[in-house]
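Student: I would like a close look at a single part of this protein. Could you take me through the sheet and what surrounds it?

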Amino acid sequence: MPLTPELGSAYHQADYVVFGHRRGTPELVLRIGRRNQGLDELLEHLQAAGAAFVTAANPHGEKKSYEENLAACDALCRSPLIIGYPWFRGEGRDPGGRWPPEPSLLIVGLPRKEAEHLGVVLQQNAVVFVEKGAKPELLVLV
């Protein structure tokens, strides 16, 4: 399914939120095209060159129930494709409130090609990838 302009715009405007990355610190919010010092610090702490923000929710942009999306994210947590990489739970949020939050993971150290492959396996239209010191970018997969 091709990525519609509306859906592409929604992906670019979304907040990609990471939970529990550091004790006593509020959520880490990533935005496409905006460098994030907190993420750079996390990558430095974990000695990683980059990270991918990935969801298993709403394959091909088709809306599923929260329960279905949560189950898909739980399965992603157990996936052999991410074994050996530290990860943090999170969610993709629509700042306009048109879409419910999507359970997601920030997978630290996952290389770009593996992030793209994981997104394809999960039937996602896109994933977010960021290298230390750079701005998060949307990798369109369709």
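In what sense do strand β4 and β5 pair, and over how many bridges?

Tutor: Happy to help! This is a predicted model, in which local features need pLDDT of at least 70 and side-chain atom pairs count only at pLDDT 80 or more, while totals for chains, interfaces and linings use all residues. Residues are numbered from 1 along each chain as its sequence is written, and side-chain values use heavy atoms, leaving out hydrogens and water.

Strand β4 (residues 87-93) and β5 pair in the antiparallel sense over 6 bridges. Strands here are DSSP runs of E with at least two residues, helices are runs of H or I with at least four, and both are numbered from the N terminus. Two strands count as paired if DSSP finds at least two bridges between them. One bridge joins W87 to I107 in β5.

Now step back to the whole sheet. It is open, has 7 strands with antiparallel pairing, and follows the order β2-β1-β4-β5-β3-β6-β7. The edge strands, β2 and β7 (137-140), each pair on one side only. On average, neighbouring strands are turned by 30° against each other, direction ignored; the axes are lines fitted to C-alpha atoms, for helices over the stretch in contact, and angles run from 0 to 180 degrees between N-to-C directions.

Two helices pack on this sheet. Helix α3 (residues 66-77) touches β3, β4 and β5, and its direction makes about 15° with that of β5. Helix α4 (residues 112-121) touches β3, β5, β6 and β7, and its direction makes about 165° with that of β6. Contact here means heavy atoms within 4.5 Å.

Let's turn to β3. It pairs with β5 in the antiparallel sense over 5 bridges, and T55 has S104 in β5 as its bridge partner. With β6, β3 pairs in the antiparallel sense over 4 bridges, and A51 stands opposite V130 there. Because 6 of the 6 residues of β3 are buried, this strand is largely enclosed by the rest of the structure. Buried means under 20% relative accessible area, exposed over 50%, and partly exposed in between, with a 1.4 Å probe and protein chains only. From β3, G50, A52 and V54 point one way, while A51, F53 and T55 point the other way.

Finally, look at V108. Leaving aside residues up to four places away in sequence, V108 touches L43, L46, A48, G50, A51, Y85, P86 and F88.
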